[in-house]
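Me: I have a structure open and have not read one like it before. Could you take me through its features one at a time?

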Amino acid sequence: MAQQHILQVSELTKKVRFILESELNTVWLCGEISNFIAASSGHWYLSLKDQKSQVRCAMFKGNNRRVRIKPQNGQQVLVRAKVSLYEPRGDFQLIIEQMESAGEGLLRQQYQLLKDKLHSEGLFELHHKQAIPKLIQTVGIITSPTGAAVKDIITVLKRRNPLLKVVIYPVLVQGEQAKYDIARAIAMANQRNEVDVLLIGRGGGSLEDLWAFNEEIVARAIFQSTLPTISAVGHEIDTTLSDYVADLRAPTPSAAAEMVSADVDERINKVAELLYRAHWALKQQLKSSTHTLTSLNHRLSQVHPEQQLQNKQQKSDELSIRLQRFITRALSQLQHKPKYLEQRLLNASPLNQIKQNLQQSIVFKAKLISAQQRLLITKQENFAHQCEQLHMVSPLATIARGYSITRDEQGQMIKSIKDINIENNIKVEVSDGIIKAKVITVQAS
């Protein structure tokens, strides 16, 4: 029987980390924050827990700079993270890449999951979309009868084409019942077949406010409509699944009214359709490129030196935290030790010994002061003597006795007649100033 290879601990942790990162890749996780630490390096360390389990997490400063919330213990969050292993301790951990509040984050996750599902089933494909009729006589509006959106639509229609007929299918646009109202209204409009086009939408709001138009039942009702549909939900920046499924998406309810009432020729309609298709194609290409880039980044991160650097930074943060805790404990012990020693001294020292020590300290203090004064006088005398010696050899003292220093125009000292030429300008430095002169003749001594 062949002898099995015996692994070192570091080899085992490296293999386990590779398996975790290659098999599980990226996961979404919802949990409660605990043991949150913001290290001085800028990295975050925390645990995510539920009622039964918890897992350690790290979020490096390159990613946590984009977090819009302020993490704190007890807060429910939704995170996207890579499953990994901290090799020095052999701890299973998550490397968090994205963090947001659990409520809005779950809605966005549900939105993305349903979007991917409908896209995979082909509900967004261009070949399923119907052309908006060029000649529209009757417009159907599926929205709240009391909201601002229906008023804006009717105002635009009357202003641009007063001859258009309008049929309103009143529905709830917010709340749990809204999705059923909207789906039934779409089915009713198709059954009656009394309009040329359907405008489906509402005014702006938060993601939760617009959620009825992200429901699967509404998306499928729009897809199954034989009447051409225009999605007009919220403001231009708002995007719902209804926008993807509908035959045409309008940035606002008012813009939808302009689309169905505008008297434009066939060329403009064709340009609008081509622009929409180009926009859609670019979005799909961007999505595909983003997916490819994410995959390549993941593969690169497994071999990139940055991964090793992050591990070293995490270990440094861990040692820093341990050092801070040790210093805190040491300081606490030192704070109690003087009181303990003082109590022992008071218990062990007789009163007479204290008086003797006090008298000795007075004598020692007097001697110390006297010695310091004598030392200071000696230093002062020595300093004065050194100053006199320095003054005696100073060039300034020489100049004061009637000597001078001659320099050329560049400030270089002239020591010989070889250093100067006739007609050169010179400067003669005496005790009380500088004389500027010109060389007329040079004579050797």
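Reply: We can begin with a sheet. This is a predicted model, and one of its features is an open sheet of three strands, in the order β11-β12-β13, with antiparallel pairing.

Me: Which strands stand at the edges of this sheet?

Reply: Look for a strand with a single partner. Here β11 (405-407) and β13 (433-438) each have a single partner strand, so one side of each has no neighbour in the sheet. Neighbouring strands are turned against each other by 25° on average, direction ignored.

Me: How many bridges join β11 to β12?

Reply: The general idea is that strands of a sheet pair through backbone hydrogen bonds, either parallel or antiparallel. In this case three bridges join β11 to β12 (residues 425-430), and the two strands run antiparallel. As one example, Thr-406 has Val-428 in β12 as its bridge partner.

Me: Where would I find strands that pair in the parallel sense?

Reply: Go to β6 and β8, which pair in the parallel sense over four bridges. Within that pairing, Val-139 has Val-197 of β8 as its bridge partner. β8 also pairs in the parallel sense with β9 (residues 229-233), over five bridges. There, Leu-198 stands opposite Thr-229 in β9.

Me: How many residues of β8 are buried?

Reply: A residue counts as buried when its relative accessible area is under 20%. Six of the six residues of β8 meet that, so this strand is largely enclosed by the rest of the structure. Val-197, Leu-199 and Gly-201 point one way from β8, while Leu-198, Ile-200 and Arg-202 point the other way, and all are buried.

Me: How do I read the length of a helix, taking α5 as the case?

Reply: Compare the expected span with the distance between the end C-alpha atoms. Helix α5 (residues 178-192) has 15 residues and, at 1.5 Å a residue, should span 21 Å; the span is taken as 1.5 Å times one less than the number of residues. Its end C-alpha atoms are 21 Å apart, which agrees. Asn-193 follows α5 and has a positive phi, near 55°.

Me: What do the buried residues of α5 pack against?

Reply: They pack against β6 (138-143), β7 (165-170), β8 (197-202) and α6 (216-224). The buried residues of α5 include Ala-178, Ile-182, Ala-185, Ile-186 and Ala-189. Lys-179, Asp-181 and Asn-190 are also among them.

Me: Is Ser-295 buried, exposed or partly exposed?

Reply: Ser-295, which is found in helix α9 (residues 266-303), has 36% relative accessibility and so counts as partly exposed. Its C-alpha atom is separated by 9.9 Å from that of Asn-25, although the two residues are 270 apart along the chain.

Me: What is the count of disulfides?

Reply: The test is whether two cysteine sulfur atoms lie within 2.5 Å. By this rule the count is zero. As for individual cysteines, Cys-30 is partly exposed at 38% relative accessibility, and Cys-387 is partly exposed with a relative accessible area of 35%.

Me: How many helices and strands does the protein come to?

Reply: The secondary structure comes to 12 helices and 13 strands. Of the 445 residues in the protein, 31% are buried. The accessible surface is about 30000 Å², and 55% of this surface belongs to carbon and sulfur atoms. Among contacts between residues at least 6 apart in sequence, 62% join residues at least 24 apart.

Technical notes:
Residues are numbered from 1 along each chain as its sequence is written. This is a predicted model: local features need pLDDT of at least 70, side-chain atom pairs count only at pLDDT 80 or more; totals for chains, interfaces and linings use all residues. Side-chain values use heavy atoms; hydrogens and water are left out. Buried means under 20% relative accessible area, exposed over 50%, partly exposed in between (1.4 Å probe, protein chains only). Two strands pair if DSSP finds at least two bridges between them. Axes are lines fitted to C-alpha atoms, for helices over the stretch in contact, and angles run from 0 to 180 degrees between N-to-C directions. Contact means heavy atoms within 4.5 Å. Accessible areas come from the Shrake-Rupley method with a 1.4 Å probe; for residues, only the protein chains shown count as cover.
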